[in-house]
Amino acid sequence: MLIWQNKNQLKHLLMRVRIFDDYDSLSQATASEVINLVKEKPHAVICLPSGSTPLGTCQWIVKNAQQQETDFSKCVFIGLDEWVGIGKENPGSCSYFFYHHFFDPLKIPEQQIFLFDAFAKNWSEECKKMDKTIAAKGGIDLMIVGIGMNGHIGFNEPGTSFRLLSHVTDLDETTKSVGQKYFPQKTHLSKGITLGLGHLMKANKAILIANGKNKAQIIHKALKEPVSEDMPASIMRKHSNGFFYVDKEAALLI
Ligand code: F6R
């Protein structure tokens with residue numbers, strides 16, 4: 001159980017933490033955030049993560065978009081991150097996830113999609129290109145992120161500066177081993193290219209999504225431990241429009 005020294009801190013945080021009955025309602029609520037934004041602002045810039053957590057959100061967006069005929073043709077999608085050296089034909093790549101579960105079913109025009117190139121020849125240029133694209137599009141309106149078992153956001157591993165924009169990073173041992181779950185066979189993972197937490201802080205709205213018992217401990221830490229670069233997800237508490245969307249299981253320890 002959390003021991004909150006400061007009741008105001010607790011009240012403030014609880015307003016920012018939405019607990020859903022199950023994964024499906026969490027996914028539906030997250031999908032609604034995206035759909036409502038696109039309806040209000042057709043040119044919205046949206047950043048999405050890949051992985052197990054956002055799968056339900058993507059499915060709900062695709063379902064609702066088809067039923068409600070939401071027009072995604074003008075909005076801009078930014079991929080949060082990519083495994084260095086893993087191409088989009090590999091089912092474990094972030095690009096594969098985005099195309100397979102989101103861009104292709106929604107028929108998002110190619111010119112509206114901005115993903116990191118896992119084989120960029122010049123990493124510094126690749127990062128600058130992404131940062132310039134985001135700036136040129138007017139900044140990120142909605143940034144949805146997951147949380148790693150070590151508290152990472154994107155590939156911002158523990159110890160990463162909160163101020164960084166796009167960068168290439170050495171993956172943490174936890175990320176390398178947990179990441180195997182996305183791949184059909186054992187895959188060498190060493191580096192990642194990712195948006196930085198500087199992007200998260202600049203986004204108009206940020207939502208961290210988490211589900212399942214295995215995320216309960218890390219959600220507890222992200223909410224309770226001091227805000228620190230050692231616990232990247234704790235930065236969400238500093239975002240003026242940042243929310244935690246968690247299901248009951250992930251909220252077990254809060
Ligand atoms: C993926 C990403 C990662 C994941 C995190 C949680 O694009 O940025 O930070 O969000 O590792 O992954 P899942 O959702 O598979 O538990």
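I will describe the largest pocket of this structure and the ligand in it. Please keep in mind throughout that the model is a predicted one.

Let me begin with the pocket itself, whose volume comes to about 630 Å³. Its lining is made up of 36 residues, and those closest to the centre are Ser50, Gly51, Ser52, Lys181 and Tyr182. If we ask which elements of secondary structure supply at least two residues each to this lining, we find β4, covering 81–83, together with α4, covering 94–106, and α6, covering 173–178. Of these, α4 gives the most, with five residues. As for the character of the lining, 19 of its residues are polar and 14 are nonpolar, while three are charged.

Now to the ligand, which takes up the space of this largest pocket. There are 16 residues around the ligand, and the ones that come nearest are Thr53, Asp81, His152, Tyr182 and Lys215. The shell around the ligand divides into eight polar, five nonpolar and three charged residues.

Which atoms of the protein, then, lie opposite the oxygen atoms of the ligand? In the case of Tyr182, an N or O atom of the side chain is 2.4 Å from a ligand oxygen. For His152, a polar side-chain atom lies 2.7 Å from an oxygen atom of the ligand, whereas for Gly154 a backbone N or O atom lies 2.9 Å from one. Turning to the surface of the ligand, 410 Å² is exposed when the ligand is taken alone, and the protein buries 92% of that area.

To close, I would point again to Tyr182, which is among the residues closest to the centre of the pocket and also among those that come nearest to the ligand.

Notes
Residues are numbered from 1 along each chain as its sequence is written. This is a predicted model: local features need pLDDT of at least 70, side-chain atom pairs count only at pLDDT 80 or more; totals for chains, interfaces and linings use all residues. Side-chain values use heavy atoms; hydrogens and water are left out. On a 1 Å grid over the protein atoms alone, a cavity is a set of points where a 1.4 Å probe fits but cannot get out, and a pocket is an open set with protein on both sides within 12 Å along at least five of seven lines; lining residues have an atom within 4 Å of a point. Grid points are joined across faces, edges and corners, and a volume is the space filled by probe spheres set on the points. Helices (H or I, at least four residues) and strands (E, at least two) are DSSP runs, numbered from the N terminus. Ala, Val, Leu, Ile, Met, Phe, Trp, Tyr, Cys and Pro count as nonpolar, Asp, Glu, Lys and Arg as charged, and the others, Gly among them, as polar. A residue is near a molecule or strand if one of its heavy atoms lies within 4 Å of it. A polar contact is a pair of N or O atoms within 3.5 Å; within protein, one must be able to donate a hydrogen and the other to accept it, and residues adjacent in sequence count only if both atoms are side-chain atoms. Accessible areas come from the Shrake-Rupley method with a 1.4 Å probe; for residues, only the protein chains shown count as cover. A molecule sits in a cavity or pocket if more than half of its atoms lie within 2 Å of its grid points.
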